[in-house]
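Here's a set of exercises to work through with the model open beside you. Try each task before you read its solution.

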Amino acid sequence: MTSITDCVVEGLKYPFNDLKKVLSFGVLFALINLISLDITTKFIDAVMKYSKLYPSASNVFHLSQLPANDIYMIIALLIISFIIVLFINGYEWNIVRFSIDKKEDLPEFSNVLKMFVNGVKYFLVNVAYNIIPIVLLIIGLALFNESYSPIIILISVLLFLIAYFILIMALNNMVAHDSIKKAFDLREITKNISNLGWGKYIGIIVFTLIVYLVIMVAVGVILFFITVFIISAITDQSMIISIFLAIIEGLFILPYVEIFFSRVFGSIYRESIK
């Protein structure tokens, strides 16, 4: 049986099997990053204009005070972002499927409709597993001044952790059987985890998260030095830097990390059914 490190190392190598597909996947992330940047810029500009018109501290800016055209544009951009996320989830479904089948190549961007439908399933299962902790967290924050609020927040965090560990095998089970019902077959899900061993299962996930943090810290340091270089070379560079970082992160970093995660988590399922 494959070791914890073997699963993670194989996942780290996997994206390099086809960098063109990684970049193609990255276009989706780059688009979301640029949309988020545009929305943030519109919001900041509106707040700055509002603060100049109403310098009094008693006047608080509300989203409803954005220009109507900006509101419509932001709504449209959010809808576009959500659709892109569904396609991202659909491609992650395909990566998990390839991992379960132990295919070495990356999935093609074909059958777009099926990828979108699978992305919807992927998204709905994520929401279903996290809806209770999300509701509890909202309640806990809403009652922040109450003495029992920290307890509610703590319970929500614990439920998030439990849901996360179960969710990974649930998504794998759904993809393996191509059935959303299998994402909620807790008997089969827990059986698969037991086959692998709860210790090894949790160990792979935790180790994967640690590797992810190391990657993100290293990337953050590299991007910091690149940013310093751009600042020293270009004046009035704030927007240029923001766009540059959004594109770099979208094209290279986020797709690599998501492919890495999906590959490892698919491998977990493959090991659990041996």
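**Exercise 1.** Which side chain does Lys-182 meet in a salt bridge?

Keep in mind that this is a predicted model.

Step 1: Start at Lys-182 and look for its carboxylate partner, which turns out to be Glu-188, with N to O at 2.8 Å.

Step 2: Now check the cover on each partner. Lys-182 is partly exposed, since its relative accessible area is 24%. Glu-188 has a relative accessible area of 19%, so it falls under the 20% cut-off and counts as buried.

Step 3: Put this pair in context: the structure holds 7 salt bridges.

**Exercise 2.** Find how H5 and H6 are set against each other, and list the residues that make the contact.

Step 1: Locate the two helices: H5 covers residues 149–177 and H6 covers residues 186–196.

Step 2: Look at the axes, which come within 10 Å and cross at roughly 110°. That angle lies in the 65 to 115 range, so H5 is roughly perpendicular to H6.

Step 3: Go through the contact side by side. H5 brings Ile-166, Met-169, Ala-170, Asn-173 and His-177. H6 answers with Leu-186, Glu-188, Ile-189, Asn-192 and Ile-193. Glu-188 should ring a bell: it's the salt-bridge partner of Lys-182.

Step 4: Take a look at the loop between H5 and H6, where you'll find Asp-178. Its phi is near 50°, a positive value in a residue other than glycine. Asp-178 is partly exposed, at 43% relative accessibility.

**Exercise 3.** Which residue forms a salt bridge with Glu-104, and which parts of the chain does the pair link?

Step 1: Measure out from Glu-104 and you reach Arg-263, with the closest N and O atoms 3.9 Å apart. The cut-off is 4 Å, so the pair counts as a salt bridge.

Step 2: Place both ends. Glu-104 sits in the loop between H3 and helix H4 (112–142), while Arg-263 belongs to helix H8 (residues 238–272). They're 159 residues apart, so this pair links distant parts of the chain.

Step 3: Compare their cover: Glu-104 is partly exposed at 45%, whereas Arg-263 is buried at 1%.

**Exercise 4.** Examine Arg-97 and its salt-bridge partner, then move on to the loop between H3 and H4.

Step 1: The partner of Arg-97 is Asp-101, and their closest N and O atoms are 2.7 Å apart.

Step 2: Both residues count as partly exposed: Arg-97 has a relative accessible area of 25%, and Asp-101 comes in at 38%.

Step 3: In the loop between H3 and H4, pick out Lys-102. Its phi is near 60°, which is positive even though the residue isn't glycine. At 52% relative accessibility, Lys-102 counts as exposed.

**Exercise 5.** Is Thr-208 buried or exposed, and what does it touch?

Step 1: Find Thr-208 in helix H7 (residues 198–233).

Step 2: Its relative accessibility is 0%, so Thr-208 is buried.

Step 3: Set aside neighbours within four places in sequence, and the contacts are Val-8, Phe-260, Phe-261, Val-264 and Phe-265.

**Exercise 6.** Take a tour of H3 by way of Asn-89 and Ile-79.

Step 1: Begin with Asn-89, which is in helix H3. It's buried, with 11% relative accessibility. Beyond residues up to four places away in sequence, Asn-89 touches Gly-119, Tyr-122 and Phe-123.

Step 2: Switch to Ile-79, also found in H3, which runs over residues 68–100. Ile-79 is partly exposed, with a relative accessible area of 48%.

Step 3: Look at what surrounds Ile-79 on the surface. Together with Tyr-72, Ile-75, Phe-82 and Ile-83, Ile-79 forms a nonpolar patch with about 500 Å² of accessible area.

**Exercise 7.** How many Å separate Val-112 and Tyr-91, C-alpha to C-alpha?

Step 1: Val-112 has its place in helix H4, and it counts as partly exposed at 43%.

Step 2: Draw the distance between the C-alpha atoms of Val-112 and Tyr-91: you get 9.4 Å, for residues that are 21 apart in sequence.

Definitions and conventions. Residues are numbered from 1 along each chain as its sequence is written. This is a predicted model: local features need pLDDT of at least 70, side-chain atom pairs count only at pLDDT 80 or more; totals for chains, interfaces and linings use all residues. Side-chain values use heavy atoms; hydrogens and water are left out. Patches are made of residues with over 30% relative accessible area and no salt bridge: like charges are joined within 9 Å, nonpolar side chains (Val, Leu, Ile, Met, Phe, Trp, Tyr) within 5 Å. Accessible areas come from the Shrake-Rupley method with a 1.4 Å probe; for residues, only the protein chains shown count as cover. Helices (H or I, at least four residues) and strands (E, at least two) are DSSP runs, numbered from the N terminus. Buried means under 20% relative accessible area, exposed over 50%, partly exposed in between (1.4 Å probe, protein chains only). Axes are lines fitted to C-alpha atoms, for helices over the stretch in contact, and angles run from 0 to 180 degrees between N-to-C directions. Angles under 35 degrees count as roughly parallel, over 145 as roughly antiparallel, 65 to 115 as roughly perpendicular and the rest as oblique. Contact means heavy atoms within 4.5 Å.
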